[in-house]
Every structure is written in structure tokens, then in C-alpha cells.
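Colleague: I would like a close look at one helix pair and its surroundings. Please keep it brisk.

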Amino acid sequence: MDGIDGRVRGAVDVWLRWLPRWQIGTARPRTRICRKCTGSPIASAAGFGPDVPHPVQHALIGRMSAIVEDAVDDYTAKNLPLLHRELERAAARKRHAGYQPAEGLSPEFQGLDIDPQPQDGSPFLFTLEELAGTGASSDTVPREPLSDEAKAALRHEIELSDECARATGTAVCLALIDHRPRIAEAVERLVEPQIEALVSDMFRGLDGDGPRGGLF
């Protein structure tokens with residue numbers, strides 16, 4: 001896994017430069033479980049505890065995942081011709097599928113809900129999700145059927161691709177462990193004070209609204 005250590009170090013550097021711009025008050029509550037982050041070994045390797053807000057974790061996990069995906073793409077292009085051809089065809093079909101609002105986002109935003117939740121009585125005129133697929137082209141090339149032999153060969157290449165992903169993911173996690181101290185320092189310095197201030201404001205509001213002069 002040549003270069004993984006350097007890529008992980010560079011991704012952590014980018015995350016550390018992004019983190020001071022994150023504000024807890026601008027984070028939208030999630031309506032669905034994040035498949036990228038839930039149970040991710042990358043979160044454990046980074047030393048994230050349960051109290052670290054999801055957007056903070058997601059931003060780093062997304063960058064680490066991109067390292068794995070790039071390595072698998074490179075391995076596939078060089079060594080797995082059948083799978084590479086199928087992926088190229090899938091990419092071509094996607095290009096003809098029209099506007100895709102979730103495409104091209106920074107790792108901090110990939111996999112997140114693209115639209116906020118509407119407020120009661122204030123519906124949106126339109127949402128990005130509703131715009132998905134607009135402008136689709138009809139001149140897509142039909143997919144060629146695969147022979148049984150080609151299907152078996154493709155399954156074997158998919159297994160090799162999965163092995164590459166697992167090996168690269170393990171290497172990324174091992175490299176990330178070395179950066180735990182500066183990740184923890186940044187979270188303690190930039191994130192925890194925001195959480196403490198938010199909790200303090202919540203309790204201050206409860207104290208202000210509560211009954212005065214006794215328990216009852």
C-alpha cells in the first residue's frame with residue numbers, strides 16, 4: 001500500500017483546516033442513519049467517541065473513504081478489465097441520467113441529506129431531490145447481455161476488488177491511528193467548547209422557564 005501513509009496524513013491535514021469553520025449551530029439534524037459512518041472502523045481508528053458530532057466525524061470518514069475508493073478504482077483500471085468495463089458503462093448511463101444534485105460534493109457533504117426538512121406550514125417550492133434526473137438524455141446505449149462465462153469471470157474480479165478494498169481500508173485505519181493525538185487535540189479545542197456552550201444554553205433556558213420559589 002505505497003503512499004497510503006502520505007494520503008492519510010494529507011487528508012487529516014485538510015480536515016484540520018476545515019474543522020475551525022464548522023459551527024454546531026449550523027448542523028442540520030439527520031433524519032436517517034448515515035451508512036458511511038455508522039459502525040465505521042475509520043471512526044474507531046480516529047479515536048472518535050460517541051459524543052463527537054456526526055458532521056465532524058463524517059467529514060474525516062468521507063476523506064478516508066475516498067482514499068480507499070481511489071485505490072480500488074486504480075487497481076480495477078489496471079488489473080480487472082471486465083469490472084472496469086462494466087463500471088465505465090455504468091458511469092456512462094449515469095451521465096445520461098440527467099441532473100444529479102449529490103454528484104461532485106466535497107467529502108464533508110457526500111452521503112448527507114441534500115434537502116433540509118421542511119417546516120410545518122412552509123413547504124418548499126421545489127427541492128433538489130425533485131430536480132434529480134431532469135435533463136435526462138434518451139440516447140443511452142443498451143446494456144449488452146453477459147455470457148455465463150463472463151458472469152463468472154466478473155464475479156471473480158468483484159471478489160478481487162473487494163479484497164483490495166479491505167486491504168486498503170485496513171492500511172488506512174492503521175495509518176490513521178498515528179494521527180489520533182492531533183485529531184483529539186482539535187476536537188477538544190474546537191468542538192467540545194461548542195458542545196459545552198450549547199448544553200449550558202439549554203440548561204439556562206430550562207432554569208429560566210422553570211417554577212420559582214420552590215419545587216411546586
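Modeller: Helix 1 and helix 3 are roughly antiparallel to each other, because their angle is over 145 degrees (under 35 would be roughly parallel, 65 to 115 roughly perpendicular, the rest oblique). The model is predicted: local features need pLDDT of at least 70, side-chain atom pairs count only at pLDDT 80 or more, and totals for chains, interfaces and linings use all residues. Residues are numbered from 1 along each chain as its sequence is written, and side-chain values use heavy atoms, with hydrogens and water left out.

Now the geometry. Helix 1 covers residues 4-18 and helix 3 covers residues 54-79. Helices here are DSSP runs of H or I, at least four residues, and strands are runs of E, at least two, numbered from the N terminus. The two axes come within 10 Å and cross at roughly 150°. Axes are lines fitted to C-alpha atoms over the stretch in contact, and angles run from 0 to 180 degrees between N-to-C directions. The crossing is right-handed: the near helix is turned clockwise from the far one by less than a right angle.

Next, the residues in contact (heavy atoms within 4.5 Å). Helix 1 brings I4, R7, V8, A11, V12, V14, W15 and W18. Helix 3 brings P55, V56, A59, L60, R63, M64, I67 and A71. Together they divide into 14 nonpolar, no polar and 2 charged. Ala, Val, Leu, Ile, Met, Phe, Trp, Tyr, Cys and Pro count as nonpolar, Asp, Glu, Lys and Arg as charged, and the others, Gly among them, as polar.

The wider setting is a nonpolar core: buried Ala, Val, Leu, Ile, Met, Phe, Trp, Tyr and Cys residues joined through side-chain atoms within 4.5 Å. Buried means under 20% relative accessible area, exposed over 50%, partly exposed in between, with a 1.4 Å probe and protein chains only. The largest core has 35 residues, and V8, W15, F48, L60, M64 and L176 touch the most other members. Helix 1, helix 2 (41-46), helix 3, helix 6 (148-177) and helix 7 (180-209) each give two or more residues to this core. Helix 3 gives the most, with 8 residues.

Take L60. Leaving out residues up to four places away in sequence, L60 touches V12, W15, A46, F48, L176 and I183. A second, separate core of 5 residues includes L80, L83, A150 and L154.

Last, the chain as a whole. The secondary structure comes to 7 helices and 0 strands. Of the 216 residues, 29% count as buried.
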